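Me: Please zoom in on the spot where a nonpolar side chain sits out in the open, and then work your way inward from there. Keep it relaxed, but give me the cut-offs as you go.

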Amino acid sequence: MLLHDTALIFGRYARQTLRSRFHILIGILTPLLYLLFFGPLLTGLPLGSRGDSWQVLVPGLLLQLSLFGASFAGFGAIVEQGQGVVERMRVTPVSRLALLLGRVLRDTALAVFQAVLLVLVAVAMGLRAPLAGVLIGLVFVALLVVSLASLSYALALKVSAPHEFGPAVNAFVMPSMLLSGLMLPMTLGPDWLDGLSHAVPFRHLVDAVRDAYVGEYTSASMLYGGIVAVAFAALGVTVGTRVVRTASA
């Protein structure tokens, strides 16, 4: 029943997304602008990392896409909650866990699709990376979206208005983006900043995807990144499920 209910919820939100091409494209706009206008500035610069500038920038942009898109996913739930949609879905026999998973899987599918588009544009601009590395990067994108979207929906059910949700998400997203080295490797900064960035989970994911893009599949960064990504996804789903069940009680 869980799989059946999750498929129903996923189908509802997938159809909703497909009816809005603007929604599909707007999420990729910021990373695409970074790719087009920031990427050429890095060409030939010594970035202190294996691989060329595209193999450094594109993994960061993929995770930036996931970070921003998934973190703000809860806005839709706040709107639906104000319109009474969430309350009407709660009185149905649909599994409460499916109410979360169906949404999260829609967000994950959308993010992976956007990530594929971003990679294709990057290839046209000069990115050269092994296919296995690109696929591994998409797996990390999916895991990050699962974790952050779950936490975003949990937060959306706890706040009462969008003006409370936005600042809370920004307070989390901006430091995470700046300290994870999405744009440039943190090793380029001072030692204290590089050391501080290791406390941010996304730093390990970025390092892992960058290793994958240069074919380093057995590095320590890949191991740490994989562990952090899986653990963070499990934590996000656990917290999100608990909040959904509590709110639906």
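Reply: F37 is the residue to start with: its relative accessible area is 61%, so F37 counts as exposed (over 50% is exposed, under 20% buried, and anything in between partly exposed, using a 1.4 Å probe and protein chains only). Keep in mind that this is a predicted model, where local features need pLDDT of at least 70 and side-chain atom pairs need 80 or more, while totals for chains, interfaces and linings take in all residues. Numbering runs from 1 along each chain as its sequence is written, and side-chain values rest on heavy atoms, without hydrogens or water.

F37 belongs to helix 2, which covers residues 21-37 (helices are DSSP runs of H or I, at least four residues long, numbered from the N terminus). F37 has company out there, too: together with F22, I26, L29, L33 and L36 it makes a nonpolar surface patch of about 600 Å². To join such a patch, a residue needs over 30% relative accessible area and no salt bridge, and its nonpolar side chain must come within 5 Å of another; the areas are Shrake-Rupley values with a 1.4 Å probe.

Now for the inside. In soluble globular proteins, nonpolar side chains tend to be buried together. Here the largest nonpolar core has 58 residues, and V58, L62, L63 and Y213 touch the most other members (a core is a set of buried Ala, Val, Leu, Ile, Met, Phe, Trp, Tyr and Cys residues joined through side-chain atoms within 4.5 Å). Plenty of helices chip in with at least two residues each, including helix 2, helix 4 (53-71), helix 7 (96-125), helix 9 (162-179) and helix 12 (220-248). Helix 8 gives the most, with 13 residues. Look at L62 for a sense of the wiring: leaving out residues up to four places away in sequence, L62 touches A115, L118, V119, V141 and Y213 (contact means heavy atoms within 4.5 Å).

Apart from that core lies another one, of 5 residues, with I9, Y13, V94 and A98 among them. V94 sits in the loop between helix 6 (85-90) and helix 7, and at 16% relative accessibility V94 is buried. Beyond four places in sequence, V94 touches D5, I9 and L99. V94 and I9 are 85 residues apart along the chain, but their C-alpha atoms are separated by 8.8 Å.

Charges next. Side chains of opposite charge can pair when their charged atoms come close. The whole structure holds 3 salt bridges (a side-chain nitrogen of Lys or Arg within 4 Å of a carboxyl oxygen of Asp or Glu). R106 and D107 make one of them, at 2.9 Å from N to O. Both ends are tucked away: R106 is buried at 9% relative accessibility, and D107 is buried at 11%.

R203 has two acidic partners to look at. With D194, the closest N and O atoms are 2.8 Å apart; with D207, the distance is 2.7 Å. D207 and R203 share helix 11 and sit 4 residues apart, about one turn of the helix. These bridges share partners and join D194, R203 and D207 into one network. R203 has 5% relative accessibility, so it counts as buried. D194 is buried as well, at 17%, whereas D207 is partly exposed at 21%.

While you're in that neighbourhood, have a look at H204, also in helix 11 (residues 201-213). H204 counts as buried because its relative accessibility is 18%. Leaving aside neighbours within four places in sequence, H204 is in contact with H198, S221, Y224, G225 and V228.

One last stop is S176 in helix 9, buried at 8% relative accessibility. Past four places in sequence, S176 touches V200 and F202. For a long-range view, S176 and A7 lie 169 residues apart in sequence and 32 Å apart in space, C-alpha to C-alpha.

Methods. Patch = residues over 30% accessible without salt bridge, like charges linked within 9 Å, V, L, I, M, F, W, Y side chains within 5 Å.
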